[in-house]
Amino acid sequence: MKGFGVFALGFASGAVALYLYLRISADAKLAKENEGKTETETSETDGCKTLKQFVEDAKKEMKDKLEEVPVMVRDLGYKGGDTIDNSGPYVISQEEFEDSDYDKECYTYYTDGIVAKYDDEIIEHPEDHIGPTALDTFDDSIDVIFVRNDDEGIDYEIDRDISAYRDLVGNRRNLYDDDYEL
């Protein structure tokens, strides 16, 4: 529940900050529009209509943001009640990896989707060890991820290789193992 409470507090703070920002922006815009006009040219109702429309737009924008919350909560694994579902493997930081007492294993993730151990042995069902979404963490700026599997008591370091497994390993293994098929 603590995690959800922090999330809710942060969301509420953001909503208040957005409202204040939008309110100040609207007042500044209204003041700029009315700059140099006489008092009769700027009727109070015109200013209220503009501000009213601005507030309505802000409410609509906030409503759109609030509609995204259930998706974010689901994606974060919140199932209701007081717990967040952290069962199964999950991505951790390098610091958590280094400070852990769990056994360590190193995998390589190749561009052709193959995951292999450090000795080039292909992992048949990597999702059983590192979870179904860990490999989705890689992007242009991330070349290594760390995954914890509490059930196995193992932390995994997964290095991304920009080559295909067949190009780097497959051809080399074929030289030594006639029965090897990729």
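**Close-up views of a predicted model**

Asp155 lies in strand E5. The legends below refer to a predicted model.

**View 1. The surroundings of Asp155 in strand E5.** Asp155 has a relative accessible area of 0% and is therefore buried, the limit being under 20%. Its side chain makes two polar contacts that are shown here: one with the side chain of Ser100, at 2.8 Å, and one with the side chain of Arg148, at 2.9 Å. Arg148 is also the residue that stands opposite Asp155 in the strand pairing. Apart from neighbours within four places in sequence, Asp155 is in contact with Ile92, Glu96, Phe97, Ser100, Tyr102, Asp103, Lys104, Glu105, Val147, Arg148 and Asn149.

**View 2. The hairpin of strands E4 and E5.** The two strands pair in the antiparallel sense, over 6 bridges. Between them are 4 residues. In the turn, Gly153 has a positive phi of about 70°. Arg148 faces Asp155 of E5 across this pairing, and a polar contact of 2.9 Å links their side chains.

**View 3. The pairing of strands E2 and E5.** E2 and E5 run parallel and are joined by 8 bridges. Within this pairing, Thr108 has Asp159 of E5 as its bridge partner. E5 thus has a parallel pairing with E2 and an antiparallel one with E4.

**View 4. The largest nonpolar core.** This core consists of 12 residues: Tyr107, Tyr109, Val115, Ile123, Ile130, Ala134, Phe138, Ile145, Val147, Ile154, Tyr156 and Ile158. Strands E2 (103-110), E4 (144-149) and E5 (154-161) are the elements that give two or more residues to the core. E5 gives the most, with 3 residues. In soluble globular proteins, nonpolar side chains tend to be buried together.

**View 5. The contacts of Ile145, one of the core residues.** Neighbours within four places in sequence are left aside. Ile145 is in contact with Ala134, Leu135, Thr137, Phe138, Tyr156, Glu157 and Ile158. Among these, Ala134, Phe138, Tyr156 and Ile158 are also listed in the core.

**View 6. The whole chain, for orientation.** The chain has 5 helices and 5 strands, in the order α-α-β-α-β-β-α-β-β-α from the N terminus. Of its 182 residues, 22% are buried. The chain exposes about 13,100 Å², of which carbon and sulfur atoms supply 52%. Of the contacts between residues at least 6 apart in sequence, 56% join residues at least 24 apart.

Methods
Residues are numbered from 1 along each chain as its sequence is written. This is a predicted model: local features need pLDDT of at least 70, side-chain atom pairs count only at pLDDT 80 or more; totals for chains, interfaces and linings use all residues. Side-chain values use heavy atoms; hydrogens and water are left out. Buried means under 20% relative accessible area, exposed over 50%, partly exposed in between (1.4 Å probe, protein chains only). Contact means heavy atoms within 4.5 Å. Accessible areas come from the Shrake-Rupley method with a 1.4 Å probe; for residues, only the protein chains shown count as cover. A nonpolar core is a set of buried Ala, Val, Leu, Ile, Met, Phe, Trp, Tyr and Cys residues joined through side-chain atoms within 4.5 Å. Two strands pair if DSSP finds at least two bridges between them. A polar contact is a pair of N or O atoms within 3.5 Å; within protein, one must be able to donate a hydrogen and the other to accept it, and residues adjacent in sequence count only if both atoms are side-chain atoms.
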